[in-house]
Amino acid sequence: MSNSYPRKKLLFCVTKMREEERRIYDYLLQAGIEVDVCTDSMQLELENIRRYDVALIRCLSQSKALERAQYIELAGVKTLNSYEAIKICTNKAFQAIIFKQNQIAQPDFAIAFTFEKLYEYLERFDGRFVIKPVSSSWGRGVTLINSKFALDAWISARESLDPQGKALPVLVQEYVDKGNYDIRVVIVDRQPIVAFKRVSNDNWLTNTHLGAEIDVIKVSQPIQEISKQLIDAIGEGIYGLDLFYDHTRNIYMVCEVNQNPEFAKSWLIHKVDVAKAIAESCLNVQPEWIHVKSSV
Ligand SMILES: Nc1ncnc2c1ncn2[C@@H]1O[C@H](COP(=O)(O)OP(=O)(O)O)[C@@H](O)[C@H]1O
Ligand SMILES: [Mg+2]
């Protein structure tokens, strides 16, 4: 990796140094960057924060990632990803609204703020839909409802644990005819750097975390186009974009976008060095003081 860049200082916010973070860290050091690591349990020193050119956020907890990015940006240092991007990526309902406003293809959706409303949506979606907690990952809580009885059971279980409906709203999506796979696209800056199918023959949830196999594919023209639409809508950054190829409509559509893509296992198969691309993205950040307006 070239070290002809002006010397930079970077704050690396992590939960722990997993293999992924370690590899990013090593590349940064190789490039001559000074890196301070701040784990979730450590004090975030804001007083001197402007000595950093950029903060790279790789916290595992969505709320911690949001918190770190918000404080650091408020104090005037650019974060990767930006607070705004993390905010969007950690809420599937926000995403659905933004995709709609930007004419990005996605499953038909609704946002349910009450349990009762779900019965209405079951009719609207012809008796079958997917319910998703707005903030979750690794397939957790993503549930296929295919009858009134199934919805009764889901609501009953939820109400007993969450009588006040604090975990509402939830996102409701039509069930997409995606075959036995979805597609993960890793984006760094504005570039979709790799795409692979996540194939599962025994689980309709195709997260690799749940055992899906990786099948590397070309970053084809339609994948480039939908990635560009996404970046134009939410800004450049480091993303794991989940796509469906809808076999009924014969189009690509966005399932969701993640802000902290994991790559420890997948890169060994597709061989695209995501850690290096992320480190290079940090090198290319232009130091700029951010004047936060009303988005707090
Ligand atoms: N509307 C849908 N139709 C069909 N399959 C879906 C739908 N939404 C999600 N899935 C499957 O569930 C998986 C997890 O859903 P996703 O929205 O990506 O949540 P998570 O953040 O938990 O990964 C997806 O990778 C996909 O395999
Ligand atoms: Mg996903």
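This talk walks through a few local features of one structure, and the model is a predicted one.

Let me start with the metal. Which protein atoms hold the magnesium ion, ligand 2? The donors from the protein are an OD of Asp 242 and an OE of Glu 256, at 2.0 to 2.2 Å from the ion. Asp 242 sits in strand E12 and Glu 256 in strand E13, so the pair ties together parts that are 14 residues apart in sequence. Are these two side chains buried or exposed? Asp 242 is buried, at 2% relative accessible area. Glu 256 counts as buried too, at 8%.

Now the sheet that carries those strands. It has 5 strands and is open. The order is E11-E10-E9-E12-E13, with antiparallel pairing. Strand E11, residues 213-217, and strand E13, residues 251-258, are the edges, and each of them pairs on one side only. On average, neighbouring strands here are turned by 30 degrees against each other, ignoring direction.

Look inside the sheet for a moment. E9 covers residues 181-189 and E10 covers 191-199. How many bridges join them? There are 8, and the two strands run antiparallel. In that pairing, Ile 187 stands opposite Pro 192 of E10. Helix H9, residues 274-283, lies across E9, E10 and E12. H9 runs at about 35 degrees to E9.

Next, another pair of strands. E5 and E8 pair in the antiparallel sense, over 4 bridges. E8 spans residues 170-173. Within E8, Val 172 is the bridge partner of Ala 110. Which way do the E5 side chains point? Phe 109 and Ile 111 point one way, Ala 110 and Ala 112 the other, and all are buried.

Just ahead of E5, take Gln 106. Gln 106 lies in the loop between helix H4, 92-101, and strand E5, 109-112. Gln 106 is buried, with 14% relative accessible area. What does its side chain meet? A polar atom of the Gln 106 side chain lies 2.9 Å from the backbone oxygen of Ala 96. Beyond its neighbours within four places in sequence, Gln 106 is in contact with Ala 96, Phe 99, Lys 100, Met 253 and Val 254. Residues 251-258 form strand E13, so that contact list reaches the edge of the sheet through Met 253 and Val 254. Now to the other end of the chain.

Glu 21 is found in helix H1, residues 19-30. Its relative accessible area is 0%, and Glu 21 is buried. A 2.9 Å polar contact joins the side chains of Glu 21 and Arg 18. Leaving aside neighbours within four places in sequence, the contacts of Glu 21 are Phe 12, Val 14, Lys 16 and Arg 58. For scale, Glu 21 and Val 194 are 173 residues apart in sequence, and their C-alpha atoms are 19 Å apart.

Last topic: the cysteines. How many disulfides does the structure hold? The count is 0. Take Cys 59. Its closest cysteine sulfur is in Cys 13, 5.4 Å away, and that is too far for a bond. Cys 59 counts as buried, because its relative accessibility is 1%. Then Cys 255. Its closest cysteine sulfur belongs to Cys 89, at 13 Å, again too far for a bond. Cys 255 also counts as buried, at 12% relative accessibility.

Definitions and conventions: Residues are numbered from 1 along each chain as its sequence is written. Chains are lettered from A and ligands numbered from 1 in the order in which they are written. This is a predicted model: local features need pLDDT of at least 70, side-chain atom pairs count only at pLDDT 80 or more; totals for chains, interfaces and linings use all residues. Side-chain values use heavy atoms; hydrogens and water are left out. Buried means under 20% relative accessible area, exposed over 50%, partly exposed in between (1.4 Å probe, protein chains only). A polar contact is a pair of N or O atoms within 3.5 Å; within protein, one must be able to donate a hydrogen and the other to accept it, and residues adjacent in sequence count only if both atoms are side-chain atoms. Contact means heavy atoms within 4.5 Å. Two strands pair if DSSP finds at least two bridges between them. Axes are lines fitted to C-alpha atoms, for helices over the stretch in contact, and angles run from 0 to 180 degrees between N-to-C directions. A disulfide is a pair of cysteine sulfur atoms within 2.5 Å. Donors are N, O and S atoms within 2.8 Å of the metal (3.2 Å for Na, K and Ca); water is not among the atoms, so sites may look incomplete.
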